[in-house]
Amino acid sequence: MNFNIEKEYKCLVSKEQFETLLKYYPGVSFQTQTNTYFDTADLTVKQLKGAMRIREVKQQFLFTLKLPGKAGLQEFECFVPNDRITTFENHEEIVELLSSHGIHGPFQMLCQLTTKRGIVHLPNAELCFDINYYGDQCDYEIEYEWTKTHDGLTQFNQILAPIHLSYEKNCDSKIKRAMDALCKD
């Protein structure tokens, strides 16, 4: 099981801003990924202000549990054989991880979100161009995720400058947006 503290900035932009900024990074290719979000029947993960998903990219499946921690958003990840609920019951590391956080089944699928993602590898970060689809909605998001310690805010603002933006939190997480649009509890 891999563990890290997620450090990122992200903001929603218009389609026009997205396309303008993308022109500064020629040759970006996009891959489709599908995030399937899960929780317990009594929504324990949501009550913990977390998110649990299995992401499919190129027929590979990556389990992720995100939970707030003292140092930031904790991210636990490992590859799994599929995106089925039985993964949470049969994968030993996941069973132990969930149990250590008081997360016990039964589990349910909440919703899915499909993203077309283009990634630009920068010296200290990854810049992600995301087109997100959930239900009949589509949004455009720019993410700046640290790979090394640095002044990420200054770097991200320099990236956003050509579209006359500076970073200001203007969006919820993908799971929150998808759940607000698609999931009723």
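Let's start with one residue, Cys 11: at 3% relative accessibility, Cys 11 counts as buried. Keep in mind as we go that this is a predicted model. Cys 11 has a bridge partner in strand β9, and that partner is Ile 142. The two strands involved, β2 and β9, pair in the antiparallel sense over six bridges. Strand β2 is mostly covered, with five of its six residues buried.

Could Cys 11 be part of a disulfide? The closest cysteine sulfur to that of Cys 11 belongs to Cys 171, and it sits 6.9 Å away, so the two are too far apart for a bond. A disulfide would need the two sulfur atoms within 2.5 Å. In fact, the structure holds zero disulfides. Another cysteine, Cys 78, is buried too, with a relative accessible area of 8%.

Now let's look at what else touches this part of β2. Asn 170 is found in the loop between α5 (152-160) and α6. Leaving aside neighbours within four places in sequence, Asn 170 is in contact with Lys 10, Cys 11 and Leu 12. A polar atom of the Asn 170 side chain lies 2.8 Å from the backbone nitrogen of Leu 12. Here is a nice example of how a chain folds back on itself: Asn 170 and Val 13 are 157 residues apart in sequence, yet their C-alpha atoms are 9.2 Å apart in space. As for its surroundings, Asn 170 is partly exposed, with a relative accessible area of 42%.

Time to zoom out to the whole sheet. Nine strands form an open sheet, and if you walk across it you meet them in the order β1-β6-β5-β4-β3-β7-β8-β9-β2, with antiparallel pairing. At the edges are β1 (2-6) and β2 (8-13), each of which pairs on one side only. From one strand to the next, the twist averages 30 degrees. What holds strands together in a sheet? Strands pair through backbone hydrogen bonds, either parallel or antiparallel.

Take one pair from the middle of that order as an example. Strand β3 (residues 30-40) and strand β4 (residues 51-57) pair in the antiparallel sense over six bridges. If you want a specific match to find on screen, try Asn 35, whose bridge partner in β4 is Arg 55.

Follow the chain out of β4 and you reach the loop between β4 and β5, where Lys 58 is found. Gln 59 has its place in that loop as well. The phi of Lys 58 is near 50 degrees, a positive value in a residue other than glycine. Gln 59 also has a positive phi without being glycine, near 60 degrees. Are these two buried or exposed? Lys 58 counts as exposed at 64% relative accessibility, and Gln 59 counts as exposed at 71%.

For a contrast, go to strand β6, where Glu 75 is found. Glu 75 is buried, with a relative accessible area of 5%. Which side chain does the side chain of Glu 75 make a polar contact with? It is that of Lys 66, at 3.5 Å. Apart from neighbours within four places in sequence, the residues in contact with Glu 75 include Asn 2, Phe 3, Thr 64 and Leu 65.

Next come the helices that lie over the sheet. Helix α4 (residues 92-100) lies across β4, β5 (60-69), β6 (72-80) and β7 (107-121), running at about 15 degrees to β5. Within α4, Ile 94, Leu 97 and Leu 98 are buried. They cover an arc of only 95 degrees around the axis, which puts them on the same side of α4. On the other side of α4, Glu 92 and Ser 100 are exposed. The buried residues of α4 pack against β4, β5, β6, α3 (87-90) and β7.

Just after α4, Gly 102 takes a positive phi of about 75 degrees. A little further on, the peptide bond from Gly 105 to Pro 106 is cis, with omega near 10 degrees. You can find Pro 106 in the loop between α4 and β7.

Finally, look at helix α6 (residues 174-182), which lies across β2, β3, β4, β7, β8 (125-134) and β9 (137-146). Helix α6 runs at about 135 degrees to β7. That list brings us back to β2, the edge strand where five of six residues are buried.

Technical notes
Residues numbered from 1 in each chain as written. Predicted model: local features only at pLDDT ≥ 70, side-chain atom pairs only at ≥ 80, totals over all residues. Heavy atoms only, no water. Pairing = 2+ DSSP bridges. Helix = DSSP H or I, 4+ residues; strand = E, 2+ residues; numbered from the N terminus. Axes fitted to C-alpha atoms, helices over the stretch in contact; angles between N-to-C directions. Contact = heavy atoms within 4.5 Å. Buried < 20%, exposed > 50% of the residue type's maximum accessible area, 1.4 Å probe, protein only. Polar contact = N/O pair within 3.5 Å; in protein donor to acceptor, adjacent residues only side chain to side chain. Arc of directions from axis to C-beta.
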